[in-house]
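Here are my notes on the model you sent over. I've kept them short and numbered, so you can go through them with the structure open.

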Amino acid sequence: MEHQEQDQEHEVYGGEIPDGDMDADVEMSRAEEDDPNSKDLEDMKKRLKEIEEEAGALREMQAKVEKEMGAVQGLI
């Protein structure tokens, strides 16, 4: 069932959604050591993580609503 929801999600969003574990994280951590603005970078990374978590929650809510709407339409 979960696999089916993921396939539907990928259709809706036009491709596979990254899990957030990207190689860029490694490169960014190296850049932090040399960058005097690393606090700003850390703040941005923290905010990005919050946004990604919120987006995941919204996708879950959307899937629930779509499932419920399908069930309601089936009753009509």
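1. Start with Asp 43: its relative accessible area is 35%, which makes this side chain partly exposed. Keep in mind throughout that we're looking at a predicted model.

2. Asp 43 has a charged partner, Lys 39, and the two form a salt bridge whose closest N and O atoms are 3.6 Å apart. Lys 39 sits further out in the exposure classes: at 59% relative accessibility, Lys 39 counts as exposed. The cut-off for that label is over 50%.

3. Why can Asp 43 and Lys 39 reach each other? Both belong to helix H3, which covers residues 38-75, and they are four residues apart, so about one helical turn separates them. As a general point, side chains of opposite charge can pair when their charged atoms come close.

4. Next, look at Lys 45 and Glu 42. They make a salt bridge too, with 3.8 Å between the closest N and O atoms. That value passes because the limit for calling a salt bridge is within 4 Å. The spacing along the chain is three residues, again about one turn, and both residues lie in helix H3.

5. On exposure, Lys 45 comes out at 26% relative accessibility and counts as partly exposed. Glu 42 gets the partly exposed label as well, at 35%. Neither is called buried, because that class needs a value under 20%.

6. Then there's Arg 47, which forms a salt bridge with Glu 50; here the closest N and O atoms are 3.4 Å apart. Helix H3 holds both residues, and Arg 47 and Glu 50 are three residues apart, about one turn of the helix. Arg 47 is partly exposed at 44% relative accessibility, and Glu 50 is partly exposed at 39%.

7. How many salt bridges does a search of the whole structure find? The count is three, so you've now met Asp 43 with Lys 39, Lys 45 with Glu 42 and Arg 47 with Glu 50, going by the 4 Å limit.

8. Stepping back to the overall fold, the protein has three helices and zero strands. Reading along the sequence, you get the pattern α-α-α.

9. Last, the surface. Just 5% of the protein's 76 residues count as buried. The accessible surface adds up to about 6900 Å², and carbon and sulfur atoms account for 52% of that area.

Notes:
Residues are numbered from 1 along each chain as its sequence is written. This is a predicted model: local features need pLDDT of at least 70, side-chain atom pairs count only at pLDDT 80 or more; totals for chains, interfaces and linings use all residues. Side-chain values use heavy atoms; hydrogens and water are left out. Helices (H or I, at least four residues) and strands (E, at least two) are DSSP runs, numbered from the N terminus. Buried means under 20% relative accessible area, exposed over 50%, partly exposed in between (1.4 Å probe, protein chains only). Accessible areas come from the Shrake-Rupley method with a 1.4 Å probe; for residues, only the protein chains shown count as cover. A salt bridge is a side-chain nitrogen of Lys or Arg within 4 Å of a carboxyl oxygen of Asp or Glu.
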